[in-house]
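Read the following with the structure open beside the text. The account starts from one helix, moves to the ligand shell and then works through the main sheet.

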Amino acid sequence: METSVDVDVSIAERTTTSEQPYFAVEELHAYYGESYIVQGVTFDIRRGEILALLGRNGAGKTSTLRTIARLDSPSLQAGQIWLEGAPIHTMKSFEASRAGIQLVPEDRRIIQGLTVEENLTLAQVAPGRGWEIERIYSHFPRLAERRRQEGVTLSGGEQQMLAIARALARDIKLLLLDEPYEGLAPVIVNEIEKILNEIKAHGITTIIVEQNAIAALRLADRAVILDTGTVAFAGTAKHVLENAELRQEYLAI
Ligand SMILES: Nc1ncnc2c1ncn2[C@@H]1O[C@H](COP(=O)(O)OP(=O)(O)OP(=O)(O)O)[C@@H](O)[C@H]1O
Ligand SMILES: [Mg+2]
């Protein structure tokens, strides 16, 4: 008798989770002081998907990522953020990170005075451990070769790899990438793109913000285009790739 009750409960739970998106933001409103920047942003992501968050300069992409990561600014004034049923909107940034939201900021924040490996092991000190170091090196051979080198002496592309690797060293449920290709030579962009495809194959749900919209759309399943802090388009990445008018209007490409 008890067994049949257990079975019923597990079926009920499974039904519920399959109906809920893996990650969702609902009506986010965020401010830098008096400046109203994120103006009612809503979208969701299914598990394992890559979402390209696009838009012109100043559209609010970085601000949206920072809001999701629960950094102090911009400050979230209204709206909800849900990750696998956990209310991220009630959390501080360290709690959001512990809950599996890992932001790789544009400036990468490699820690000075630490080697590549120390940057990675430090990420594993706080609760919420992710990939083991050797597993990370198998995807990032350049980092494996430079494991004893000080992180800040790496090339720009290698520092970007280290910043992504460090996010994977944490328990990761949602990877937030802010302009991972910025300032990098095409050959390095290709290398990082290959790594991001490998990460995708491991089912890591990702939001990628990129000026190089075409590269982001190649990687992504879905796309959200922001325009002055609001969602101008939400749909498939394929739709944006195939719709020159849409790209012209909101991305100027
Ligand atoms: N710390 C801040 N204080 C006040 N306003 C800010 C701050 N940071 C960004 N803004 C403003 O918020 C708006 C959105 O900026 P945000 O950096 O989110 O845009 P973005 O889409 O990431 O642009 P870019 O493509 O240039 O990186 C811009 O008008 C910007 O000037
Ligand atoms: Mg930005």
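Helix H2, residues 61-68, is mostly covered, with seven of its eight residues buried. Helices here are DSSP runs of H or I of at least four residues, strands are runs of E of at least two, and both are numbered from the N terminus. A residue is buried if 20 or more other C-beta atoms lie within 10 Å of its own, exposed if 12 or fewer, and partly exposed in between, with C-beta atoms placed from the backbone. The buried residues of H2 are Lys-61, Ser-63, Thr-64, Leu-65, Arg-66, Thr-67 and Ile-68. After H2 comes Arg-70, which has a positive phi near 65°.

The model is predicted: local features need pLDDT of at least 70 and side-chain atom pairs count only at pLDDT 80 or more, while totals for chains, interfaces and linings use all residues. Residues are numbered from 1 along each chain as its sequence is written, chains are lettered from A and ligands numbered from 1 in the order in which they are written.

H2 also takes part in the surroundings of ligand 1, giving three residues, the largest share of the shell. The residues around ligand 1 are Tyr-32, Ser-35, Ile-37, Gly-55, Asn-57, Gly-58, Ala-59, Gly-60, Lys-61, Thr-62, Ser-63 and Ser-73; a residue is listed if its C-beta atom, placed from the backbone, lies within 6 Å of the ligand. Strand E2 (35-45) and H2 are the elements that give two or more residues to this shell. By class, the shell has three nonpolar, eight polar and one charged residues. In this scheme Ala, Val, Leu, Ile, Met, Phe, Trp, Tyr, Cys and Pro count as nonpolar, Asp, Glu, Lys and Arg as charged, and the others, Gly among them, as polar.

Strand E2 pairs with strand E1 (residues 23-32): eight bridges join the two, which run antiparallel. Two strands count as paired if DSSP finds at least two bridges between them. Tyr-32 stands opposite Ser-35 in E2, and both residues belong to the ligand 1 shell. The hairpin of E1 and E2 has two residues between the strands, and Gly-33 in this hairpin takes a positive phi near 60°.

Which strands make up the open sheet, and in what order? Six strands form it, in the order E6-E7-E8-E3-E9-E10, with mixed pairing. Strand E6 (101-104) and strand E10 (230-236) are at the edges with a single partner strand each, so one side of each has no neighbour in the sheet. From one strand to the next the twist averages 15°, with axes taken as lines fitted to C-alpha atoms and angles running from 0 to 180 degrees between N-to-C directions.

At the E6 edge, Ile-101 and Leu-103 point one way from the strand and Gln-102 and Val-104 the other way, and all are buried. E6 is joined to E7 by four bridges in the parallel sense, and Gln-102 has Leu-175 as its bridge partner in E7. E7 (residues 174-178) in turn pairs with strand E8 (residues 205-209), also parallel, over five bridges. Leu-174 stands opposite Thr-205 in E8.

Towards the other edge, strand E3 (residues 50-54) runs parallel to E9, and four bridges join them. Leu-54 has Ile-225 as its bridge partner in E9. Strand E9 (residues 222-227) is mostly covered, with five of its six residues buried. The pairing of E9 with E10 is antiparallel, over six bridges, and Arg-222 is partnered by Thr-236 in E10. These two strands form a hairpin with two residues between them, and Thr-228 in the turn has a positive phi of about 40°.

Ala-232 lies in strand E10. Is this residue partly exposed or buried? Ala-232 counts as partly exposed because it has 15 C-beta neighbours inside 10 Å. Leaving aside neighbours within four places in sequence, Ala-232 is in contact (C-beta atoms, placed from the backbone, within 7 Å) with Ile-225, Leu-226, Asp-227 and Tyr-250. Ala-232 and Gly-55 are 177 residues apart in sequence, yet their C-alpha atoms are 9.0 Å apart in space. Gly-55 is one of the residues around ligand 1.

Over the whole protein there are eleven helices and ten strands. Of its 253 residues, 39% count as buried.

Technical notes:
Two residues are in contact if their C-beta atoms, placed from the backbone, lie within 7 Å.
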